[in-house]
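Me: I am new to this structure and would like a close look at a single part of it. Please keep the answer plain and connected.

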Amino acid sequence: MDKEQLMRALGEIDDAYIMEAAPQAVRKRPRLLWPAAAACAALALALAGFLYHPAPAPVTQAPETTQSALLTALKNGGVQETAAREAFVPVEGRIAVYEQIGSGGHLADLTGEPFAETETGVWRRVTGMEALKYLLLEEENGPTLWEFRSFAVLDGALMQLEAAEATETELKELRSQYAARFPDADLSPYTYGDVLRIIYGVESADDLKSVTASPSVANNTDEGKAIQREVGTRVYDDPETLQLFYDAVSPVVCWGSCGWSAVYRDRTEYRYSFSTDSDDKLTSGEETWGTRYLTVETDTGLTNERWKYSSLYGMFFEFGGVGTESLTPEQVNDLNALFGIE
Amino acid sequence: MDDREIIALYWARAEQAIAETDRRYGPYCRAIARRILPSPEDGEECVSDTWLKAWQTMPPQKPACLRAFLGRITRNLALNRLEALRADKRGGGESSLALEELGECVPAGGSVEQAVEERALAAVLDRFLAEQSEDNRRLFVGRYWYMCSVAELARQYEMSESKVKMSLLRTRNRLRQRLIEEGYDG
C-alpha cells in the first residue's frame with residue numbers, strides 16, 4: 001500500500017461520513033442529515049404556512065426599476081441564492097410559486113407597495129416595476145428577493161408525489177391541504193400565455209423584444225461542445241418571427257412542478273427523434289442538436305430564461321421539475337422551423 | 001426537485017437530469033474539484049466529466065445518497081486528472097499537501113507492489129472512522145476526503161489552526177497504528 005492507494009481507498013468510505021463532513025459556508029453546530037421524507041414534509045409545511053390574504057394590486061407611481069437595475073442592487077453587497085426557499089403567493093386567482101434568489105444589498109431602496117400578505121410575511125412589489133416576475137418579502141433582516149417559478153397545479157403536484165411512490169393516504173392528504181389552503185384558487189394547468197400575461201405583462205407579440213435560442217449545455221464532451229458551437233446562439237427580433245413564437249408558445253399547457261411525471265406519462269420514447277441509431281440521445285449528440293435554451297426578453301427589459309424547448313420530446317421543460325404537456329405535431333413543426341431544427 | 005426525482009430523470013434518459021444536477025450539486029462538486037486541482041478550468045472540466053459519468057452509471061445505479069455519490073465521482077476524476085497533471089509537472093496545491101500528510105499513515109516497510117483491494121481498505125477505514133469522536137472524524141474527512149485546508153477547517157469548526165493540526169496528527173497516528181494491526185505493514 002502507498003499513500004496514493006490510501007487516498008483512493010478513502011474515497012470509498014461510507015456516505016454518512018462524507019455527508020457529515022461536507023464543508024458549509026456557515027455552520028456553527030453540526031447539522032442533522034435531511035430526513036428521508038423531506039420533500040413531502042417540506043411541501044406540507046409550506047402549505048400549512050400559507051394564508052390566503054390577497055391584497056388589491058396598487059397603482060405605483062414610482063420611477064421605473066428595470067431588471068438590470070434590480071439585479072445590480074442585489075449584487076452590490078447582497079447575496080445571490082439559487083432557489084433557497086419557495087413560497088406561495090396569490091396572483092390573479094391562481095397561486096404563484098416563488099423562489100428566493102437573493103437578500104441584502106440595496107434591495108431595501110427598491111421596496112414598493114404591498115402586493116399580498118401571507119403567513120410567510122408581507123409581499124411587496126419592486127418599486128416602479130409593474131410586472132410580477134420579482135417580489136420582495138419583508139423579513140426581520142430586511143427584504144429578500146423572490147422570483148416567479150410556476151403556478152401551483154394540483155394534478156401536477158399529485159403526479160410528482162405519485163412518481164415519488166407516495167401512498168394513497170399521502171395523496172389524499174395533499175388534496176385536502178390544497179382544498180383547505182387554496183379554497184378559491186384556480187389550480188388547473190395553465191398556459192405559457194398566462195405566464196407571459198400575468199407575470200411578465202406581455203399581452204401580445206408586440207410586447208416582446210427578442211427571443212434568444214442557445215444550445216443545450218448538458219453534453220460537455222469535446223463532441224458535445226463542437227455541436228454546441230455549430231448550433232450557436234441565435235437572436236430573433238423581427239416582428240414576424242416574434243409573432244410566430246408568441247402564437248406557438250401561448251397555448252402550451254404547463255403542469256407546474258410535476259417532477260416531469262407528465263412527461264413520462266406522455267413520452268415512452270423520443271417521439272421526434274431524428275434517428276434510431278442510439279438509445280443514448282445525450283452522448284450521441286442528438287439532444288444537443290434538438291434542444292434550445294430560450295431567453296425571452298420583453299420590451300420592458302424583463303427576461304424569462306426558464307423555458308427550454310426539446311424537439312426530441314416535443315415539449316418544454318424548466319428547472320425545478322416544471323414540465324409541459326406534449327405539444328401537437330403542428331406546434332413542434334412550427335417551433336422546429338422557427339429555430340432551424342431539422 | 002429532490003434526489004429521487006433527479007435519479008428518475010437519469011433512468012428516463014432525460015437530459016434535464018444533468019441540468020437539475022448541475023443546479024443542485026454544481027457548487028458542491030465544483031468546490032471538491034477546485035480543492036484538488038490547480039486551475040479553475042481543470043475543475044470545471046472535471047465537473048462536466050462528473051455529470052457525464054453520472055449519466056453513464058445511472059442506470060443501472062440508483063444511489064441512496066446522490067450528493068455523496070456525485071462527490072465521490074468528482075473526487076475520483078479530479079485525482080485522476082491530478083495524476084495526469086503531475087506526470088506533466090503541473091500538479092500541486094492543497095491536495096498535494098494532504099497527500100503528503102496522509103503518507104505518514106502508511107506503515108514503514110509497506111510495499112508499493114503490495115496488492116491492496118481498495119474496498120477492503122475502505123472497510124478498514126470505515127471501522128476506524130466509526131471509532132473516532134465526531135469532531136475528529138469530521139476534521140479527518142474534511143482534510144483528506146474534501147482536501148480542505150487547515151485554515152478552512154479552523155474557520156468552519158471555530159477552533160484554532162493548531163488545534164486542527166493536533167487533531168489531524170493524532171488521528172493519523174491512530175490510523176497508522178490501526179493499519180499495522182490490520183496487517184498493512186508489509
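At roughly what angle do the axes of α3(B) and α4(B) cross, and within what distance do they come?

Reply: This is a predicted model. In it, the axes of α3(B) and α4(B) cross at roughly 130° and come within 9 Å. An angle from 115 to 145 degrees is neither roughly perpendicular nor roughly antiparallel, so α3(B) counts as oblique to α4(B). The crossing of the two helices is right-handed.

From α3(B), the contact is made by D42(B), C46(B), V47(B), D49(B), T50(B), K53(B) and A54(B). Facing them from α4(B) are L70(B), I73(B), T74(B), L77(B), A78(B) and R81(B). By class, the residues of this contact are 7 nonpolar, 2 polar and 4 charged.

Both helices also take part in the contact between the chains. That contact takes 46 residues from chain A and 57 residues from chain B. On the side of chain B that touches chain A, α3 (40-57) and α4 (66-87) are among the helices that each supply at least two residues. That side of chain B has 30 nonpolar, 18 charged and 9 polar residues.

As for the wider setting, chain B is divided into domain 1 (3-91) and domain 2 (95-181). The centres of these two domains, taken over C-alpha atoms, are 23 Å apart. Each domain gives 5 residues to the contact between them. On the domain 1 side, α2(B) provides the largest share, 3 residues. The residues of that side divide into 3 nonpolar, 1 polar and 1 charged.

Key. Residues are numbered from 1 along each chain as its sequence is written. Chains are lettered from A and ligands numbered from 1 in the order in which they are written. This is a predicted model: local features need pLDDT of at least 70, side-chain atom pairs count only at pLDDT 80 or more; totals for chains, interfaces and linings use all residues. Two residues are in contact if their C-beta atoms, placed from the backbone, lie within 7 Å. Helices (H or I, at least four residues) and strands (E, at least two) are DSSP runs, numbered from the N terminus. Ala, Val, Leu, Ile, Met, Phe, Trp, Tyr, Cys and Pro count as nonpolar, Asp, Glu, Lys and Arg as charged, and the others, Gly among them, as polar. Axes are lines fitted to C-alpha atoms, for helices over the stretch in contact, and angles run from 0 to 180 degrees between N-to-C directions. Angles under 35 degrees count as roughly parallel, over 145 as roughly antiparallel, 65 to 115 as roughly perpendicular and the rest as oblique. A crossing is left-handed if the near helix is turned anticlockwise from the far one by less than a right angle, and right-handed if clockwise. Domain bounds come from an automatic or database domain assignment.
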